[in-house]
Amino acid sequence: MDQDAWSQSQSGRRKQDFGPKVNFKKQKVQLGGFSGLPAPSRDLVLRMQREPTLAGFQPVEQCNLDYHPQRGSAIDPHLDDSWLWGERLVTINMLSDSTLTMSLDQGLAEQGLLEGVQVALRLPRRSLVALYGEARHRWKHAIHRRDVHGRRVCSTYRELSGLFLPGGQQAALGAQLLSRAQTFQGTIGTADNLV
């Protein structure tokens with residue numbers, strides 16, 4: 001990864017984007033300079049697809065993120081977009097152990113917890129975490145500054161939402177994105193994919 005250029009991102013992070021150009025506010029997607037997922041990801045994606053939870057997982061975006069305590073790297077609690085990105089988000093934590101904090105602002109009334117709830121998930125080096133179901137759509141996820149103790153590099157893979165799959169309103173564009181992603185000839189895009 002370090003052979004490719006990193007671009008500055010928000011909150012002290014650096015990133016490498018392999019995905020389409022997206023404007024989430026206007027809900028527009030362009031193939032732009034998207035040339036596919038990077039070649040080294042081919043075997044990893046095939047290995048992921050052998051896991052029952054990830055059967056049929058076809059990512060169309062890979063975002064590599066580099067966190068470092070000297071830069072104050074973090075990512076605030078958030079839910080990933082669900083207009084473009086589908087049911088499963090898969091992150092591979094590579095260089096160091098870290099903590100993913102899951103939070104639920106409205107609590108768990110069914111458990112008698114009426115205030116916000118936070119759960120700290122330890123992510124060992126070389127681990128994989130898949131967010132889906134309530135963890136994907138109800139619980140926010142974050143990496144807090146206090147939990148970045150050394151360089152943390154991760155890759156997050158995203159699949160398409162139903163809108164971009166066969167039968168969806170954007171199925172033709174979705175087919176193009178999937179076809180391009182699966183060439184595994186990707187190079188880092190020059191445009192900021194999170195416009």
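1. A good place to start is the sheet: six strands make an open sheet in the order 1-2-5-12-7-10, with antiparallel pairing. Its edges are strand 1 (7–8) and strand 10 (127–131), each of which pairs on one side only. Two strands count as paired if DSSP finds at least two bridges between them. Strands here are DSSP runs of E with at least two residues, helices are runs of H or I with at least four residues, and both are numbered from the N terminus.

2. Before going further, a word on the source: this is a predicted model, in which local features need pLDDT of at least 70 and side-chain atom pairs count only at pLDDT 80 or more, while totals for chains, interfaces and linings use all residues. Residues are numbered from 1 along each chain as its sequence is written, and side-chain values use heavy atoms, with hydrogens and water left out.

3. Now to the pairings. Strand 5 (residues 59–67) and strand 12 (residues 152–160) run antiparallel and are joined by eight bridges. Within that pair, P59 stands opposite E159 of strand 12.

4. Strand 7 (residues 85–93) deserves a look of its own: eight of its nine residues are buried, where buried means under 20% relative accessible area, exposed means over 50% and partly exposed lies in between (1.4 Å probe, protein chains only). Six bridges tie strand 7 to strand 12, and five tie strand 7 to strand 10; both pairs run antiparallel. T91 is a handy residue to click on, as its bridge partner in strand 12 is T156, and T91 also stands opposite V129 in strand 10.

5. For the overall picture, the protein has three helices and 12 strands. Its radius of gyration, taken over C-alpha atoms, is 17 Å, which agrees with the value near 16 Å for a compact globule of 195 residues; the globule rule is 2.2 Å times the number of residues to the power 0.38. The C-alpha atoms fill a box of roughly 45 × 40 × 35 Å along the principal axes.

6. Buried residues account for 45% of the 195 residues. Of the contacts (heavy atoms within 4.5 Å) between residues at least 6 apart in sequence, 78% join residues at least 24 apart.

7. Finally, the surface and charges. About 10500 Å² is exposed, with carbon and sulfur atoms supplying 49% of it; these areas come from the Shrake-Rupley method with a 1.4 Å probe. The mean positions of the 24 positive and 19 negative charges lie 5 Å apart.

Conventions. Lys, Arg positive; Asp, Glu negative; His and termini not counted. Charge placed at Lys NZ, Arg CZ, Asp CG, Glu CD.
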